[in-house]
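Trainee: I have the sequence and the model open. Can we work through the strands and helices together?
Mentor: Yes. Ask short questions and I will reason to a value or a name.

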Amino acid sequence: MPTGVSVTDLQAPTAVAEGEPFTVNITVRNDALSRENHSLTVQYRNQTATQELTLQASGQQTVTQQFPAGSQGNYSLTVDNESRTIQVVSSQTARISNLPERAPPTSAPLVQARTIQGTPLTNATVLIGAQRVQTNASGYVRLPLDSPGEYSPRIEGRPTLTRNSITVEQGARKTFVTDLRVRPRSPSAVTQPTAHLVIYNPWNETLTQKITVRGAGKQTTDSVTLSPEMQATRTMTLPRRTAGTYSVEATTARDTLARTNYTVVSDERLAAAIASSGRTGTTGIGQAVEVAFGNFQLVLPTLVVLAGIMTIGGTTATFAQTVHARRQTVGIYRATGATPGEILKIILGDALRIGFLATALATIIAVSALAVLDTLGLLVVFGVRLSSLPDATVFFAVWGGSLFITLLGTVFATLSLITVPPVTLLSALQPRVPGSDADE
């Protein structure tokens, strides 16, 4: 596989009818910084299909592939680094969808019966406990849930697939039936996946609930109102994340409606793409990497030196203004026998105490701000998560540098006062003579 090319999403049915074809949708992404040619290999049972793809830099492409299902059984579908299990069932198999997991007694949720091919089952008999109900022309039917217990409805005369059984118990709340999925399921570090939530109201009354979708450090809350048998869809773009598995869930104030996981593929592909790209990148990301790796060693020291000079200059100006406002006090110290070194020691002691408190306060504010940014998912650059807490080396380096700049600025500001005669500093204290030019 070319560097940086991977399968980010593979959509295939979990169950198909024997002897019938089924379709697979495959999304391939190129995280390299140049155009790549890729041979996509898809394997199902003893069949292999290959498609030749040309992917632009940082681009993606979705292709389809069709296979005959074959005989009944469980089989593996493999596409490059992704795989799924396909269950091949009888063509007479039916599905029951929109089935809630919990329900109160005497309720009647609306479900739909379909063939494995997706066609609604008309006038089919649904068995639920000891009761029998019949579907309408669209395959819908309300299940009578009269007494507590666990039920697995089935279609009479047909093998039946359901996503879950239903538990009837006192105190169970009527909630929406939901389906939560993340696309793509295997995003790269530079891809922002999207959570898709399908919401359905199976009850014979209007429901209003606040639904929160959260995952990967982000969440959104929306008040949803649905009339009976109505459906709605909500989406949320998830932040970029480093390699790993992440959970996404949809909840109300009391219940978890749905939960799913997705996996961000390793950053090794992106690092390899950057390392092998040289200076030929033509996309925005490519140009950024080219500048960073080509000139970073020159730009960073230059910026550090300029920032240091500006910081020292600003600190010196601040301390100079404060110290010069006390020039007469310094003059009194000098006139009463204090040496320049003693005066400098006093001023440096005051500056050190002020600098220590200021640095401590600034550190607390900075770490708190970084923690907030991390919670909001704003510390991710090209899929790389920046640490919100500095290590001990960085911590002590920042503190040492801050105190050094404070003391250096104080020395520069004080030198002008301790190197001049005391009479110059005390000139403002000399009494005025009546009738002098100063009073005219």
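Trainee: Which residue does tyrosine 44 stand opposite in β7?
Mentor: This is a predicted model. Strand β4 covers residues 36-44, and three bridges join β4 to β7, residues 73-79, in the antiparallel sense. Opposite tyrosine 44 in β7 stands leucine 77.

Trainee: Which residues make up the covered face of β4?
Mentor: The strand has two faces. Asn37, Ser39, Thr41 and Gln43 belong to the uncovered one. The covered face of β4 is Glu36, His38, Leu40, Val42 and Tyr44.

Trainee: What is the bridge partner of threonine 41 in β5?
Mentor: β4 and β5, residues 47-55, run antiparallel and are joined by nine bridges. Threonine 41 is on the uncovered face of β4. Its bridge partner in β5 is threonine 50.

Trainee: Which residue takes a positive phi in the hairpin of β4 and β5?
Mentor: Look at the link between the strands. The hairpin has two residues there. The phi in question is near 55 degrees, and it belongs to arginine 45.

Trainee: In what order do the strands of this five-stranded sheet run?
Mentor: The sheet is open and its pairing is mixed. For example, β4 and β7 run antiparallel, whereas β2 and β8 run parallel. The order is β2-β8-β7-β4-β5.

Trainee: Why is one side of β2 and of β5 left without a neighbour in the sheet?
Mentor: Both strands stand at the edges. Each has a single partner strand, so one side of each lacks a neighbour in the sheet. From one strand to the next, the twist averages 25 degrees. The reason asked for is the single partner strand of β2 and of β5.

Trainee: What is the bridge partner of alanine 17 in β8?
Mentor: β2 spans 15-17. Three bridges join β2 to β8, residues 82-89, and the two run parallel. The partner of alanine 17 is valine 89.

Trainee: Now the four-stranded sheet: which are its edge strands?
Mentor: The order is β22-β21-β24-β25, in an open sheet with antiparallel pairing. Each edge strand pairs on one side only. They are β22 (218-226) and β25 (256-264).

Trainee: How many degrees does the twist average there from one strand to the next?
Mentor: The pairing in this sheet is antiparallel. Its average twist from strand to strand is 15 degrees.

Trainee: What is the bridge partner of leucine 207 in β22?
Mentor: β21 covers residues 207-215. β21 and β22 pair antiparallel over nine bridges. Leucine 207 has as its partner in β22 leucine 226.

Trainee: Is threonine 8 buried or exposed?
Mentor: Threonine 8 sits in strand β1, residues 5-11. Beyond its neighbours within four places in sequence, its contacts are Thr27, Arg29, Pro184, Arg185, Ser186, Pro187 and Ser188. The cut-off for burial is under 20% relative accessible area. Threonine 8 has 1%, so the verdict is buried.

Trainee: On to the helices. How many Å should helix α4 span?
Mentor: α4 has 36 residues, 340-375. The rule is 1.5 Å times one less than the number of residues. The end C-alpha atoms agree with the expected span, which is 52 Å.

Trainee: What is the angle between α4 and α5?
Mentor: α5 covers residues 392-418. The axes lie 9 Å apart, and the crossing is right-handed. The packing angle is about 145 degrees.

Trainee: How many charged residues does the contact of α4 with α5 have?
Mentor: On the α4 side, the contact includes Ile343, Leu344, Ile347 and Ala351. On the α5 side, Phe395, Trp399, Leu403 and Leu407 are among the residues met. By class there are 15 nonpolar and seven polar residues. The charged count is no residues.

Trainee: Is glycine 355 buried or exposed?
Mentor: Glycine 355 lies in α4. Leaving aside neighbours within four places in sequence, it contacts Leu403 and Thr406. Buried means under 20% relative accessible area. Glycine 355 has 6%, so it counts as buried.

Trainee: How many Å apart in space are glycine 355 and leucine 407?
Mentor: In sequence they are 52 residues apart. C-alpha to C-alpha, the distance is 8.3 Å.

Methods:
Residues are numbered from 1 along each chain as its sequence is written. This is a predicted model: local features need pLDDT of at least 70, side-chain atom pairs count only at pLDDT 80 or more; totals for chains, interfaces and linings use all residues. Side-chain values use heavy atoms; hydrogens and water are left out. Two strands pair if DSSP finds at least two bridges between them. Axes are lines fitted to C-alpha atoms, for helices over the stretch in contact, and angles run from 0 to 180 degrees between N-to-C directions. A crossing is left-handed if the near helix is turned anticlockwise from the far one by less than a right angle, and right-handed if clockwise. Contact means heavy atoms within 4.5 Å. Ala, Val, Leu, Ile, Met, Phe, Trp, Tyr, Cys and Pro count as nonpolar, Asp, Glu, Lys and Arg as charged, and the others, Gly among them, as polar. Buried means under 20% relative accessible area, exposed over 50%, partly exposed in between (1.4 Å probe, protein chains only).
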